[in-house]
Amino acid sequence: MSGRDVHSRAAHSPDLTVTYGPLPDHVADVWLPVGDDARPRTAMLLVMHGGFWRAEYDRRHARPQCAALAAAGYVVVSIEYRRVGAGGGWPATFDDVALAVDTVPGQVGAAARRSGRPAGSAPPRAVLVGHSAGGHLAVWAASRHRLPAGSPWRLPAPAPAVAGVVSLAGVLDLTTAAELDLDDGAARTLIGGGPVDQPERYAVADPLRLTPVGVPTVLVHGTADRQVPHAFSRRYATAAGPRTRLVELPGVEHFALIDPASAAWPAVLTAVAHLVDGGRAD
């Protein structure tokens, strides 16, 4: 069982929800490790859902993925953000992701302690895990130290709360996504125009232009992906340097990477474990 059906599949509800700002979409759902003797790993997972940045796709479709990661022993946090059609797009989506990465990890431990759950000692460092458009946002968030001076999202160094990134079929070449008109112009809608119309925006929003990323990164992409060409991850891996590892999965389609029932799921768990437990991408 795989494909888009994972979007509507029932899954364990989150244990907690925290807020990171004043707007309705400034929320993050939290799953604590399953079982009385479960122990959080050395970093929590901060999940960014996909959906080509569009309002019709929210964090609920990532619940099977998040619940399965919690069952594997992780503290899992699924952030929401403003999306195109509901107040998102340029620059709001980027405002939200930057704010969430900077603030949510520090809130989760306190919220868990207040809940009385044994996972209340969850550490503030996070591995960012993003699928599709969420992969774009996760890698972008980890690359903010590469932004030009004067950008409101720029950090002087890699975010101290970010231990690594796992991109699952990420839209890591935003310029080409716009040129190919992926998902009926999703990238153009996000940015407010194409690369010719908005070159300065693409220069700060396209992860491929912000390499090398400052933390260990694993890219997982199926070769049968019809939504996001796997060449995007290949191209990014070539540009990003030795701290980035590419895992190509022959014959795997786009949605299998967030489907715990798919044959691709063990590769996702391995990618996460490399960064959380080993602290490196190779």
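**Exercise 1. List the residues that His136 touches in this predicted model, leaving out residues up to four places away in sequence.**

Solution.
Step 1. Find His136 in helix H3.
Step 2. Collect the contacts. His136 touches Trp53, Phe94, Gly170, Val171, Leu172, Leu174, Leu190, Ala205 and Pro207.
Step 3. Pick out the polar partners. The side chains of His136 and Trp53 share a polar contact of 3.3 Å. A polar atom of the His136 side chain also lies 2.8 Å from the backbone oxygen of Ala205.

**Exercise 2. Decide whether His136 is buried or exposed.**

Solution.
Step 1. Take the relative accessible area of His136, which is 0%.
Step 2. Compare it with the cut-off: buried means under 20%.
Step 3. Conclude that His136 is buried.

**Exercise 3. Classify the aromatic pair of Phe94 and Trp153, then say why it ties together separate parts of the chain.**

Solution.
Step 1. Check the distance. The ring centres of Phe94 and Trp153 lie 5.5 Å apart, and the limit for a pair is 6.5 Å.
Step 2. Check the angle. The planes stand at 40°. Stacked needs under 30 degrees and edge-to-face over 60, so the pair is tilted.
Step 3. Place the residues. Phe94 sits in helix H2 (residues 92-115), and Trp153 sits in the loop between helix H3 (133-142) and strand S6 (162-168). The pair therefore joins parts that are 59 residues apart in sequence.
Step 4. Add the surroundings. Phe94 and Trp153 are both buried. Ring pairs link them with Trp90 and Trp140 into a cluster. The model's count of aromatic pairs is six.

**Exercise 4. Work out the strand order of the sheet and find which strands stand at its edges.**

Solution.
Step 1. Write the order of the eight strands: S1-S2-S4-S3-S5-S6-S7-S8. The sheet is open and its pairing is mixed.
Step 2. Read off the edges. Strand S1 (16-19) and strand S8 (244-249) each have a single partner strand, so one side of each has no neighbour in the sheet.
Step 3. Note the twist. From one strand to the next it averages 20°.
Step 4. Inspect one pairing. Strands S3 (residues 44-48) and S4 (residues 76-79) run parallel over four bridges. Leu46 stands opposite Val77 in S4.

**Exercise 5. Find which strands helices H3 and H7 touch as they pack on the sheet.**

Solution.
Step 1. Start with H3. This helix touches S3, strand S5 (126-131) and S6. The direction of H3 makes about 145° with that of S5.
Step 2. Turn to H7 (residues 231-240). This helix touches strand S7 (217-222) and S8. The direction of H7 makes about 160° with that of S8.

Definitions and conventions: Residues numbered from 1 in each chain as written. Predicted model: local features only at pLDDT ≥ 70, side-chain atom pairs only at ≥ 80, totals over all residues. Heavy atoms only, no water. Helix = DSSP H or I, 4+ residues; strand = E, 2+ residues; numbered from the N terminus. Buried < 20%, exposed > 50% of the residue type's maximum accessible area, 1.4 Å probe, protein only. Polar contact = N/O pair within 3.5 Å; in protein donor to acceptor, adjacent residues only side chain to side chain. Contact = heavy atoms within 4.5 Å. Pairing = 2+ DSSP bridges. Axes fitted to C-alpha atoms, helices over the stretch in contact; angles between N-to-C directions.
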